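Q: Could you please walk me through this protein chain? I am in my first year, so plain terms would help.

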Amino acid sequence: MEVIIIGGGIIGLSSAFYLQQAGYAVTVIDRTDMQQGCSYGNAGYVCPSHFVPLATPGIVRQGLKWMLDPKSPFYIRPSLNSSIINWGWQFMKSATKLHVERSAVPLRDIALLSKQLYEEWARVPGLDFSYDPQGMLELFNTEENAHHAEQTVKDAHALGLKARLIDPQTLQQMEPDTAIKALGAIYFPGDAQLYPNQLMQSLLHYLRQRGVRFESNQEVTGFITEGNRVKGIKTNTGFHTADHVVVAAGVWSRELARHLQLNIPMVGGRGYSVTFEDAPYKVRHSVILSEARVAISPMNGNKIRFGGTMEITGLNTPPRMQRVEGILASVKRYFPAYDIPLPAPEKVWYGYRPCSADGLPHIGTLQRYPNVTVATGHSMLGISLGAATGKLVSELVAGVSTSMDITPFKVDRFS
């Protein structure tokens, strides 16, 4: 049975991993060379602690305050683009307390499944991605966020997740390499860290060795349909036939879904990161700076990555170095000794996270075309939920029971 996967990011490669294991002939098609997408430049977190969706009442309120600050953590560029307007309307409708409460269990479950699968991958000969289950520290520096941290710990305990508040002294003991300015932190011992660049390269090599075909620099322009089945896909260079098609093209999945008469309100949430090798900046755990929405990631022994911001803008908008300035300035507010120079533009990574309108991924098989499965909309959790999503996709293609209830991730919930 021939399966075509549209998208060579972590969701597409994870799907290829499990489909190849199940005996399918797999071809992965991507519009790029599969060397620099969001699956490469992210923080590398595997984080069951992230059980709160992007769409929350607080982020809408805070986002309006940040709208005029080009260095702010969350920025929506005013636009008359109908897709962005539709997404914004659906996002505001979804950003309710009830939605946050309903989302916690499915986000926890898919993250825990993914962590379990990454631990299995770490034991597979030929897969090497510096997996490290050292836990995560979420630092806070205001009384408002200190109260929020207390509630987050209670919510985590209610979900069966380990979390505890730590004071500045304990925080300094856990991170002894530099002075830290913070009122305290939440410690999530159940979180893990990996090196995404290494993961992606390792997966590509592993899958090629096992017969998965890769077609790079091919843009999918449409689908070949016959009745209620998709017989193949059209690209800018020709066409490919398949028994089943998986749409896992990140932010570009929205336009592909339209060809299949499926509405997925989704935008590209642009993030930025800079990575230093053998730098004097050292942390021993994954770190989140809660007020700044900045992530700090130790990677592969000798690297550190600073990343963040959520910039809702068009896919062709030039990058803004002010966003990077905001990230590095935020780091210094918590780590006063870190005088991090602004790197040259070519040293800055940026990419577009596929942000769904309610902060939950879209994972499922289409009713109109039962031989098409969609997996997209993971926002900032692509790596974290990648392994689990690939497993779920393989189960959907095979028509067997899924490893968890995916009803909250229905692909047509906005149709």
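A: The following answers go from the whole chain to single residues.

Q: What should I know about the numbering and the kind of model before starting?

A: This is a predicted model, in which local features need pLDDT of at least 70 and side-chain atom pairs count only at pLDDT 80 or more, while totals for chains, interfaces and linings use all residues. Residues are numbered from 1 along each chain as its sequence is written, and side-chain values use heavy atoms, with hydrogens and water left out.

Q: How many helices and strands are there?

A: The chain has eleven helices and 20 strands. Helices (H or I, at least four residues) and strands (E, at least two) are DSSP runs, numbered from the N terminus.

Q: How does the radius of gyration fit a compact globule?

A: The chain has a radius of gyration of 21 Å, which agrees with the value near 22 Å for a compact globule of 415 residues. The radius is taken over C-alpha atoms, and the globule rule is 2.2 Å times the number of residues to the power 0.38. Along its principal axes, the C-alpha trace spans about 65 × 50 × 45 Å.

Q: And what share of the residues is buried?

A: Buried residues make up 58% of the 415 residues. Buried means under 20% relative accessible area, exposed means over 50%, and partly exposed lies in between (1.4 Å probe, protein chains only).

Q: What part of the contacts joins residues 24 or more positions apart?

A: Such residues account for 75% of the contacts with a separation of 6 or more. Contact means heavy atoms within 4.5 Å.

Q: Changing topic, how many aromatic pairs are there?

A: The count comes to 14 aromatic pairs. Rings of Phe, Tyr and Trp (its six-membered ring) pair if their centres lie within 6.5 Å; planes under 30 degrees apart count as stacked, over 60 as edge-to-face and the rest as tilted. In one of these pairs, the rings of tyrosine 118 and tryptophan 121 have centres 5.3 Å apart and planes at 80 degrees, so the pair is edge-to-face.

Q: Where do tyrosine 118 and tryptophan 121 sit in the helix?

A: They are three residues apart in helix H5 (residues 97–121), which separates them by about one helical turn. Both tyrosine 118 and tryptophan 121 are buried.

Q: What about phenylalanine 335 and tyrosine 338: are they stacked or edge-to-face?

A: Their ring centres are 5.2 Å apart and their planes lie at 10 degrees, so the pair is stacked. Phenylalanine 335 is buried, at 1% relative accessible area, and tyrosine 338 is buried as well, at 4%.

Q: Which residues form an aromatic cluster?

A: One aromatic cluster is formed by Phe17, Tyr18, Tyr118, Trp121, Phe129, Tyr131 and Tyr206.

Q: Which residues does alanine 387 contact, neighbours within four places aside?

A: Alanine 387 is in contact with Ser14, Tyr18, Ser114, Leu117, Tyr118 and Trp121, leaving aside those neighbours. Its place is in helix H11 (residues 382–398), and alanine 387 is buried, with 0% relative accessible area. The C-alpha atoms of alanine 387 and glycine 399 are separated by 19 Å, with the two residues twelve apart along the chain.

Q: How far apart are tryptophan 89 and alanine 357 in space?

A: Their C-alpha atoms are separated by 8.4 Å, although the residues are 268 apart along the chain. Tryptophan 89 lies in helix H4 (residues 82–94) and is exposed, with a relative accessible area of 52%.

Q: And how far is glutamine 151 from tryptophan 121?

A: These two are 34 Å apart, C-alpha to C-alpha, and 30 residues apart in sequence. Glutamine 151 is in helix H6 (residues 143–158) and counts as partly exposed at 41% relative accessibility.

Q: One last topic: what is the phi of methionine 34?

A: Methionine 34 has a positive phi of about 65 degrees although it is not a glycine. Methionine 34 is found in the loop between strand E2 (25–29) and helix H2 (38–41), and counts as buried at 4% relative accessibility.

Q: What about the phi of arginine 293, and where is that residue?

A: Arginine 293, likewise not a glycine, has a positive phi of about 55 degrees. The loop between strand E15 (286–289) and strand E16 (294–299) holds arginine 293, which counts as partly exposed at 42% relative accessibility.
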